[in-house]
Amino acid sequence: MAAAAAGLSWRRVSSFTGPVPRSRHGHRAVAIRELVIIFGGGNEGIADELHVYNTATNQWFLPAVRGDIPPGCAAHGFVCDGTRILVFGGMVEYGRYSNDLYELQASRWLWKKVKPQAPSTGSPPCPRLGHSFSLYGNKCYLFGGLANESEDSNNNVPRYLNDFYELELQHGSGVVGWSIPVTKGVLPSPRESHTAIVYCRKDLGSPKMYIFGGMCGCRLNDLWELDIETMTWSRPETKGTVPLPRSLHTANVIGNKMYVFGGWVPQSAGGEISAHDGEWKCTGSFSYLNLDTTEWIGLISDCQEDKSNLLPGPRAGHCAVAVGTRLYIWSGRDGYRKAWNNQVCCKDLWYLDTEKPPAPSQVQLIRATTNSFQVKWDEVPTVEGYLLQLHADSPLPSVAGIPATGVPETSVLSSQGSGSSLHPSPQSLPSVPYPEMKVDHPSQTNNVIPNNVQVSLSSNSLLKVEGKEKVAAPENKITQETMKNHADATGFKESNAPSLLPVCTSSPQTSANVGELHDLDKRTVNPDASVSSTVSSTRTMVTQQAVKTESSSTNGAVVKDETSLTTFNSKSEAAETAYIMPSTRVNTGQTNDSHSSKTPQRQMAPVKTRDRQWYDVGIFKNNSAVVSQFYLLPEETPNLSNKTESADVPDYRLLKKQDLFPGTVYKFRVAAINGCGVGPFSKISEFKTCIPGFPGAPSTVKITKSVDCIHLSWEPPASPSGNILEYSAYLAIRSTQLQENPSQLVFMRIYCGLKTSCIVTAAQLANAHVDYTSRPAIVFRISAKNERGYGPATQVRWLQGKVGVRR
């Protein structure tokens, strides 16, 4: 099968929630991060609703739009600029076309009819359908389409167009006006239902627009190129097999490739394409054009029929949209011959991963105990799971496969917070929640750190990465005894501040019933300082948020609630916090699997002979895990990790498990998995399990702001392992060492004593380092000491405004 040979792995989305739109053709779609936004189209009438599909949550919803809501239209222009969408033209009823322009501010679901200025020479674009409407920079490029020459909409006299317009946009909202650019070369011939994309090579930096195919009484498969800088049209020479002439197909750019799918193609007879008045059919063919080499590569041929339902069926007038490197296709007309006039439309949603996922960020530590770690890494969009591996510096015991016995001290965090309102964050967009969308509390069986919990880690300051962490503070006078105590507890003897830092920040659960999203297309951070409080207790804790907090839900919005309570309930069973894949299938652990998929092939990472063995912790659906065990390799295949790249994921049910040991250093790496396989591994992180007898990390940190200082308070560790003798609080400060190595923070001790609170003066804050690794923040660390010494520290990121530090 050509698709298999090309390494394609289409997935049909088998189940989703929310109001699914009726099937249709002639609709259009754009993507705003994880959201696919669909508008228009026709099937038993022209659709006028705006539908949104959240690819991350597998949910459809109908946003509550307002303003100058446009009428339904089909075969219209539809482009996305940040969080605003522009709609131009299309068919509004049979025989009646439009040249109206509408703008949708998707951050507020607000429609507005806009009236651009007419061009200084010539007339504005006439009403049309089937045109192309492409965005590059602050301009939209309109080409071609079909106009009705008859003034009577019931008497349709088609006129194919090849006029070319430029629409200048205002920044953020509104438009300037139309212009008719002066171009060189020969204009493409008139056509409608073609495709147009814009591509800019990274090395050359010259943007090009490519027009492919279309209809002008017969179908076309010619390729045209417009150099946008010089406004020169040309016909580029291509290599490979050019796809059949077609119309009502889709073209999408992912990387340096233009993927062309489906459309109407001539019905071939005896290996020859019929004349233009012959029969034609829908196709499910799939090709791409390498835009750097202008070579066509066929992936699914026009004659290839798939009866196994592993490929999207033939269709035309569908929509296709790229979300990251993943291509989504929805609906479209599936009639075999237009002459039959069958208005039968597909109802299926498909996606294809076009390349392996990138490497995730380094594994970050949330908290450590004597026999477990809770870790996370940055989420990689559009992946099906993550492969987490570790190896130990200490030699493993000769007796393999010690069964899981201990109950780890880490806790599963589940939210029972109250509702809040959403406010903007930089370059944020409408995401969750929506009025029609139900957001349940995350299940504890899916290894999910809930959406209301964010792990804020300042670069590698907490991680011992390929060498010991060096945290020196020449400005700070810390006793040798303090340094020794920290070294005893953590093993990082070159650090003068706690370096084994379990960190987990929390904020209230956002409401699932927000009536509308506030303006998310602003480009500034809420200037009010915020606190991300840290939780590391195994008991149930209630955190009183004294100032605004930062949310970690996938939309990146800021939760603003100055008085809400966030409750965290502990759950001690490690098996309930991490989904470990029990078979050779990547299963998300959900009872209602959103993405019915084949097994992605496991690419085993090659291990050099001098490297120690990497062991699988498991495959996880989400970007967090509680690690208390790992899988040992079968004795009969000691070099399993040296197998070929196409090796399958092992059946973990057949492997023995090994518990983690106290006081042991473990290295971690993680790779993302999608339909193309296992991507590259992250950089290596290194953590050490705690030594028994040392106190846990302080919990429930609270920061309150006064005029000339801030008040820092915390609660004692849940497991003090004896009497707490003192606490130490540290502040990350500016230093020349930090300028030389920005990934290693330098800390100054600002408090030492028995109280569970301290005051940070304005003079101390004036010396603070503002960490910009994520949101601008001032970083604190707090640790407790008992008879054995200092235990792991809690880190807090106090969020600041976008520019400077507000005092």
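## Val242 and its surroundings

Val242 counts as partly exposed, because its relative accessibility is 34% and that class lies between the limits of 20% for buried and 50% for exposed. The model described in this report is a predicted one. Val242 is found in the loop between strand E18 (232–234) and E19. In sequence, Val242 and Ser287 are 45 residues apart, while their C-alpha atoms are 8.9 Å apart in space.

## The second largest pocket

Strand E19, which follows the loop of Val242, also takes part in the lining of a pocket. The second largest pocket has a volume of about 1100 Å³. Its lining consists of 38 residues, and the closest to the centre are Ala29, Val30, Phe78, Ala251 and Asn252. Two or more lining residues come from each of the following elements: strand E2 (28–32), strand E7 (77–81), strand E11 (132–136), strand E15 (195–200), strand E19 (250–254) and strand E27 (319–323).

The largest share of this lining is given by E2, with five residues. In chemical terms, the lining of the second largest pocket divides into 19 nonpolar, 17 polar and two charged residues.

## Strands E12, E13 and E14

Strand E13 (residues 158–169) pairs with strand E12 (residues 139–148) in the antiparallel sense, and nine bridges join the two. At one position of this pairing, Asn148 stands opposite Pro158 in E13.

E13 also pairs with strand E14 (residues 175–179), again in the antiparallel sense, over four bridges. Here Glu168 stands opposite Gly177 in E14. The two strands E13 and E14 form a hairpin, with five residues between them. Gly172 lies in the turn of this hairpin and has a positive phi of about 85°.

## An open sheet of three strands

In general, the strands of a sheet pair through backbone hydrogen bonds, and the pairing may be parallel or antiparallel. One open sheet in this model has three strands in the order E30-E31-E41, and its pairing is antiparallel. Strand E30 (364–368) and strand E41 (624–627) are the edge strands, each pairing on one side only. From one strand to the next, the twist of this sheet averages 20°.

Four bridges connect E30 with strand E31 (residues 373–376), and the two pair in the antiparallel sense. Within this pairing, Phe373 in E31 is the bridge partner of Ala368.

## Aromatic pairs

A pair of aromatic rings is described by the distance of the centres and the angle of the planes. The model contains 30 aromatic pairs. One of them is formed by Tyr631 and Tyr652, whose ring centres are 4.5 Å apart with 25° between the planes. The pair counts as stacked, because that class applies to planes under 30 degrees apart.

This pair links distant parts of the chain, since its members are 21 residues apart. Tyr631 belongs to strand E42 (residues 629–631), whereas Tyr652 lies in the loop between E42 and strand E43 (657–659). Tyr631 is buried, with a relative accessible area of 7%, and Tyr652 also counts as buried, at 2% relative accessibility. Both residues fall in this class because the limit for buried is under 20%.

Elsewhere, six residues form one aromatic cluster: Phe16, Tyr53, Trp60, Tyr328, Trp330 and Tyr351.

Technical notes:
Residues numbered from 1 in each chain as written. Predicted model: local features only at pLDDT ≥ 70, side-chain atom pairs only at ≥ 80, totals over all residues. Heavy atoms only, no water. Pairing = 2+ DSSP bridges. Axes fitted to C-alpha atoms, helices over the stretch in contact; angles between N-to-C directions. 1 Å grid on protein atoms, 1.4 Å probe; cavity = no way out; pocket = protein on both sides within 12 Å on 5 of 7 lines; lining within 4 Å. Points joined across faces, edges and corners; volume = space filled by probe spheres on them. Nonpolar A, V, L, I, M, F, W, Y, C, P; charged D, E, K, R; others polar. Phe/Tyr/Trp six-rings, centres within 6.5 Å; stacked < 30°, edge-to-face > 60°. Buried < 20%, exposed > 50% of the residue type's maximum accessible area, 1.4 Å probe, protein only.
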